[in-house]
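Work through these exercises with the structure in view. Try each task before reading its solution.

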Amino acid sequence: MDKITASEAAGLGVGVLLVCATIAATKVDAFFSSSQRSSLGLCKQCGNLRRLACSRCKGTGSVREGGILGFTLVQDFYDERLGNSESNSKVKQIACVKCQAKGYFSCPNCSQL
Ligand SMILES: [Zn+2]
Ligand SMILES: [Zn+2]
């Protein structure tokens, strides 16, 4: 252990402390944002917006056909090879089935009230 000098040990300690502080800060931040919302009487899940954006269509209500599974990339590739430069405008937008094309869900927390 005599190979580690006092300043190295101190530096190590500070480094560990910094890491701990960073981890603690993010946890405290998450804790406060949810406790702040509840102390303000706001819904923890939606912050009283009463709706949650659909994770599948990112709130737009429509998705590119097959885009979820990456088929669109394959389609683009084939269209390019065929010289079909208009393919981009032909990409079908289909209604998001997850949210019934609304782009959001009503918050399960608030809708129970
Ligand atoms: Zn809510
Ligand atoms: Zn959706």
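**Exercise 1. Read the order of elements in the protein chain from the N terminus on, and count the helices and strands.**

Solution. Keep in mind that the model is predicted. Start at the N terminus. The elements run α-β-β-α-α-β-β-α. Now count by type. The protein chain has 4 helices and 4 strands.

**Exercise 2. Find what share of the protein chain is buried, and what share of its contacts links residues 24 or more positions apart.**

Solution. Take burial to begin with. The protein chain holds 113 residues, and 4% of them count as buried. Next, take the contacts with a separation of 6 or more. Residues 24 or more positions apart account for 74% of these.

**Exercise 3. Place A53 in its element, class its exposure and list what it touches.**

Solution. Step one is location. A53 sits in strand β1, which spans residues 51–53. Step two is exposure. A residue is exposed at 12 or fewer C-beta neighbours within 10 Å and buried at 20 or more. A53 has 15 other C-beta atoms within 10 Å, so A53 is partly exposed. Step three is contacts. Leaving out residues up to four places away in sequence, A53 touches K58, G59, G103 and Y104. Step four is a distance. A53 and C107 are 54 residues apart along the chain, and their C-alpha atoms are separated by 9.3 Å.

**Exercise 4. Is S111 buried or exposed? Give its element and its C-alpha separation from R51 too.**

Solution. Locate S111: it belongs to helix α4, residues 108–111. Count the neighbours. S111 is exposed because 10 other C-beta atoms lie within 10 Å. Then turn to R51. S111 and R51 are 60 residues apart along the chain. Their C-alpha atoms are separated by 9.2 Å.

**Exercise 5. What is the sign of phi at Q100 and at A101, and where do these residues lie?**

Solution. Begin with Q100. Its phi is near 55 degrees, a positive value in a residue other than glycine. Q100 lies in the loop between β3 (93–95) and β4 (104–106). With 11 C-beta neighbours inside 10 Å, Q100 counts as exposed.

Move on to A101. Its phi is near 65 degrees, a positive value in a residue other than glycine. A101 is found in the loop between β3 and β4. A101 has 16 C-beta neighbours inside 10 Å, so A101 counts as partly exposed.

How values were computed. Residues are numbered from 1 along each chain as its sequence is written. Chains are lettered from A and ligands numbered from 1 in the order in which they are written. This is a predicted model: local features need pLDDT of at least 70, side-chain atom pairs count only at pLDDT 80 or more; totals for chains, interfaces and linings use all residues. Helices (H or I, at least four residues) and strands (E, at least two) are DSSP runs, numbered from the N terminus. Two residues are in contact if their C-beta atoms, placed from the backbone, lie within 7 Å.
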